[in-house]
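Let's walk through this structure together, one region at a time. Have the sequence and the 3D view open beside you as we go.

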Amino acid sequence: MNSLATDVAQPVLEARGLSKRFGGAQVINGVDMAINQGEVRCVIGPNGAGKSTFFKLLTGEHSPSAGEIYFLGQRLNALKPFQRIRRGMSIKFQIPGIFPELTVAQHLQLSLSHLRTAGRGAGDGIDILLEKFRLTAERRQRAGNLSHGKKQWLEIAMAVSLRPTLLMLDEPVAGLSIEETQLTGELIKQMQRDGLTLMVVEHDMTFVRQIATRVTVLHGGRVFADGEAAQVLAREDVADIYLGKAS
Ligand SMILES: Nc1ncnc2c1ncn2[C@@H]1O[C@H](COP(=O)(O)OP(=O)(O)OP(=O)(O)O)[C@@H](O)[C@H]1O
Ligand SMILES: [Mg+2]
């Protein structure tokens, strides 16, 4: 864990006045958000609210039209995704990042070799990662033969093996069964207990209730609500925007 992350006064990740325009469309409009050490922050909102665009601004896939991004107090705006990853932001992209022909254990060997190159110290070894992410029985299986859920967990295990300060997930339970979703929630809570900070973009409200400590609601590219999870999720106006009632 990055020692800077233990400074509770300083947010792990901060967006200030973040905006993104695509041609004439203002997709993200002046978003402020601060994620503190140890949180599981869920970003929710109806279809087209700008969640994935906001996520991509934070990870560096898109560059902002205006505003600032700070990670552990350092301005990130000009950094490419791989440079953000090097600083301790780990990202599980929506596109699968696995090699179907390699085994589960070989994937983890690969990501652990990146960790040694990064000089971030030793983290969990392969056996512990396999156990934590429920992949022990599949260690010699080709990744291409894993269930959809186990592929997701392998990717999360690879992201976590890099010992990040912050793990960013965009819709980690899309397409998973109810059981797989529930288990993914347990894995996320375990990672939080291990000291990781997480930001999760998600649609599945049952899953959000299971994992979130704080919730940011995006609507029309702006922050509609932001606060402690139970309070935000209990708000009637938040339910209304999901049902398409609010303007
Ligand atoms: N590269 C792009 N160029 C132009 N418009 C875009 C681009 N990416 C997203 N948009 C538009 O920005 C808006 C927000 O899209 P975004 O994918 O961020 O929403 P979202 O909240 O992630 O939605 P969903 O819940 O469907 O995943 C949409 O109207 C979308 O059409
Ligand atoms: Mg999206």
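Is L196 buried or exposed? To answer that, begin with where the residue lies: L196 is found in the loop that links α6 to β8 (197-201). Count the C-beta atoms around it and you find 23 others within 10 Å. The cut-off for a buried residue is 20 or more such atoms, so L196 is buried. Once its neighbours within four places in sequence are left aside, L196 is in contact with L167 and M191. As a point of reference across the fold, take N29: L196 and N29 are 167 residues apart in sequence, and their C-alpha atoms are 29 Å apart in space.

Before going further, a word on confidence. This is a predicted model, and the protein averages a pLDDT of 90, with 90% of the residues scoring at least 70. Strand β1 (residues 13-22) has the highest confidence, at a mean of 98. Helix α3 (residues 104-118) has the lowest, at a mean of 84.

Strand β1 is also a good place to start on the sheets. Here four strands come together as an open sheet, in the order β2-β1-β4-β5, with antiparallel pairing. At its edges stand β2 (25-35) and β5 (74-75); each has a single partner strand, so one side of each is left without a neighbour in the sheet. As general background, strands of a sheet pair through backbone hydrogen bonds, either parallel or antiparallel.

Now follow the two partners of β1. On one side, β1 and β2 pair in the antiparallel sense over seven bridges. You can trace this pairing from E14, whose bridge partner in β2 is A34, to R21, which stands opposite Q26 in β2. The two strands form a hairpin with two residues between them, and G23 in the turn has a positive phi of about 60°. On the other side, five bridges join β1 to strand β4 (residues 66-71), and these two strands run antiparallel. One of the pairs to look for is L13 with its bridge partner F71 in β4.

From β2 we can move to the ligand. Which residues are found around ligand 1? They are F22, A25, V27, G45, N47, G48, A49, G50, K51, S52 and T53. The elements that give two or more residues to this shell are β2 and α1 (51-59), and α1 gives the most, with three residues. By character, the shell divides into four nonpolar, six polar and one charged.

Helix α1 deserves a look of its own. K51, listed above among the residues around ligand 1, is buried, as are F54, F55, L57, L58 and T59 in this helix. After the helix comes G60, whose phi is positive, near 100°.

Next, turn to strand β6 (residues 89-92). Its side chains alternate: M89 and I91 point one way, S90 and K92 the other way, and all are buried. Four bridges join β6 to strand β7 (residues 166-170), and the two run parallel. Within this pairing, M89 stands opposite L166 in β7.

Further along the chain is another hairpin, made by β9 and β10, with two residues between the strands. Strand β9 (residues 214-219) and strand β10 (residues 222-228) pair in the antiparallel sense over six bridges. R214 has E228 as its bridge partner in β10, while G220 in the turn has a positive phi of about 60°.

Finally, step back to the domains. The domain assignment gives domain 1 (1-88 + 166-247) and domain 2 (96-163). Taken over C-alpha atoms, the centres of domain 1 and domain 2 are separated by 24 Å. The contact between them takes 13 residues from domain 1 and 12 residues from domain 2. On the side of domain 1 that touches domain 2, helix α6 (residues 178-193) provides the largest share, six residues. The residues of that side divide into seven nonpolar, four polar and two charged. Helix α6 also brings us back to our starting point, as L196 is found in the loop between α6 and β8.

How values were computed: Residues are numbered from 1 along each chain as its sequence is written. Chains are lettered from A and ligands numbered from 1 in the order in which they are written. This is a predicted model: local features need pLDDT of at least 70, side-chain atom pairs count only at pLDDT 80 or more; totals for chains, interfaces and linings use all residues. pLDDT is the predictor's confidence in each residue, from 0 to 100. Two strands pair if DSSP finds at least two bridges between them. Domain bounds come from an automatic or database domain assignment. Two residues are in contact if their C-beta atoms, placed from the backbone, lie within 7 Å. Ala, Val, Leu, Ile, Met, Phe, Trp, Tyr, Cys and Pro count as nonpolar, Asp, Glu, Lys and Arg as charged, and the others, Gly among them, as polar. A residue is near a molecule or strand if its C-beta atom, placed from the backbone, lies within 6 Å of it. A residue is buried if 20 or more other C-beta atoms lie within 10 Å of its own, exposed if 12 or fewer, and partly exposed in between; C-beta atoms are placed from the backbone.
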